[in-house]
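Reader: I am new to this structure and would like to know how its labels are justified. Please set each value against its rule.

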Amino acid sequence: MAASLWRAVMGTGGGYGGGGDPAEGCVEFWHGAERTGWLNKQGEYIKTWRRRWFVLKQGRLFWFKDDAVTRASVPRGVIPVDTCLTVKGAEDVLHRQFAFELSTPTETMYFIADSEKEKEEWINSIGRSIVQHSRSVTDAEVIDYDSRPQPPPQPKTSEATEPSA
């Protein structure tokens, strides 16, 4: 699944930041990231754990082999967070400390942070990004409850009546 996500994002003429047109969603991952850091990630085909440098920016979670990320770097993979449903702890699933999962409608990916603090920070950062980039609700669908006309209050009926004999 990550490979198909990768192709979907990368197949737009370098829309990940590799020289594509900014109108196509170019993300300059090499500077100004929302969050960066090392995580262990399970491989897609060979389920070994590998240490990768992750960059979260503009609704995309990129990973690289090392932390020397420059304009010329090519990501090893990318996950568009707007395809994600949940991000949550996964110690009970993997039986490993500091584990968390990122779920899409078709796949769950697992990661392991270096500490509880880092795990919680990644979960919070990715969660915020999911909410910010979610396409589940459009602006036209948002209802401002404070500005809607309110119905007139209904008179209350007394429920405490004496039972008839």
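**Helix α3 and its surroundings**

Author: The buried residues of α3 are covered by elements that include β1, β2 (49–57), β3, β5, α2 and β6. The model is a predicted one.

Reader: Which residues of α3 are buried?

Author: They are K119, W122, I123, S125, I126, S129 and I130.

Reader: What makes K119 count as buried?

Author: Buried means under 20% relative accessible area. K119 has 4%, so K119 is buried.

Reader: How does the span of α3 compare with the expected one?

Author: α3 has 18 residues and reaches 26 Å from its first C-alpha to its last. The expected value at 1.5 Å a residue is 26 Å, and the span is close to it.

**Salt bridges**

Reader: Why is the contact of E121 and R35 called a salt bridge?

Author: The rule asks for a side-chain nitrogen of Lys or Arg within 4 Å of a carboxyl oxygen of Asp or Glu. The side chains of E121 and R35 meet at 3.0 Å, N to O, so the pair is a salt bridge. E121 belongs to helix α3 (residues 116–133) and R35 to strand β1 (residues 35–42), so the pair links distant parts of the chain, 86 residues apart.

Reader: Are E121 and R35 buried, partly exposed or exposed?

Author: Partly exposed covers what lies between the 20% and 50% limits. E121 is at 27% and is therefore partly exposed. R35 is at 16%, under 20%, and is therefore buried.

Reader: What else does R35 do with its charged end?

Author: The charged end of R35 sits over the ring of W122, 4.8 Å from the ring centre. The distance part of the rule asks for CZ of Arg within 6 Å of the ring centre.

Reader: How do you know that K88 and E101 form a salt bridge?

Author: Their side chains meet at 4.0 Å, N to O, and the limit is within 4 Å, so the pair counts. K88 lies in strand β5 (residues 86–89) and E101 in strand β6 (residues 99–103), so the salt bridge ties together parts that are 13 residues apart in sequence. K88, at 44% relative accessibility, counts as partly exposed, whereas E101, at 8%, counts as buried.

Reader: What makes E120 and K119 a salt bridge?

Author: Their closest N and O atoms are 3.5 Å apart, which is within 4 Å, so the pair qualifies. Salt bridges that share partners join E91, E116, K119 and E120 into one network. E120 has a relative accessible area of 33% and is partly exposed.

Reader: How many salt bridges are there by this rule?

Author: The count comes to seven.

**Aromatic pairs**

Reader: Why is the pair of F29 and W30 called edge-to-face?

Author: Planes over 60 degrees apart count as edge-to-face. The planes of F29 and W30 stand at 85°, so the pair is edge-to-face. The ring centres are 5.3 Å apart, and rings pair if their centres lie within 6.5 Å. F29 is buried at 2%, and W30 is buried at 17%.

Reader: What makes F54 and W63 tilted?

Author: Their planes are 35° apart, which is neither under 30 nor over 60 degrees, so the pair is tilted. The distance is 5.8 Å centre to centre. F54 and W63 are both buried. They belong to one aromatic cluster with F100, F111 and W122.

Reader: How many aromatic pairs does the rule give?

Author: The count comes to eight aromatic pairs.

**Loop residues**

Reader: What makes H95 and F98 worth pointing out?

Author: Most residues other than glycine have a negative phi. H95 is not a glycine, yet its phi is positive, about 60°. F98 also has a positive phi, near 65°. H95 lies in the loop between α2 (91–94) and β6, and F98 has its place in the loop between α2 and β6.

Reader: Are H95 and F98 buried or exposed?

Author: H95 has 69%, over 50%, so H95 is exposed. F98 has 18%, under 20%, so F98 is buried.

Reader: How do you know that S73 makes a polar contact with T70?

Author: The side chain of S73 reaches the backbone nitrogen of T70 at 2.8 Å, and the limit for a polar contact is within 3.5 Å. S73 lies in the loop between β3 (60–64) and β4 (77–80), and at 15% relative accessible area S73 is buried.

Key: Residues are numbered from 1 along each chain as its sequence is written. This is a predicted model: local features need pLDDT of at least 70, side-chain atom pairs count only at pLDDT 80 or more; totals for chains, interfaces and linings use all residues. Side-chain values use heavy atoms; hydrogens and water are left out. Helices (H or I, at least four residues) and strands (E, at least two) are DSSP runs, numbered from the N terminus. Buried means under 20% relative accessible area, exposed over 50%, partly exposed in between (1.4 Å probe, protein chains only). A polar contact is a pair of N or O atoms within 3.5 Å; within protein, one must be able to donate a hydrogen and the other to accept it, and residues adjacent in sequence count only if both atoms are side-chain atoms. Rings of Phe, Tyr and Trp (its six-membered ring) pair if their centres lie within 6.5 Å; planes under 30 degrees apart count as stacked, over 60 as edge-to-face and the rest as tilted. A charge sits over a ring if NZ of Lys or CZ of Arg is within 6 Å of the ring centre and within 35 degrees of the ring normal. The expected span of a helix is 1.5 Å times one less than its number of residues. Contact means heavy atoms within 4.5 Å.
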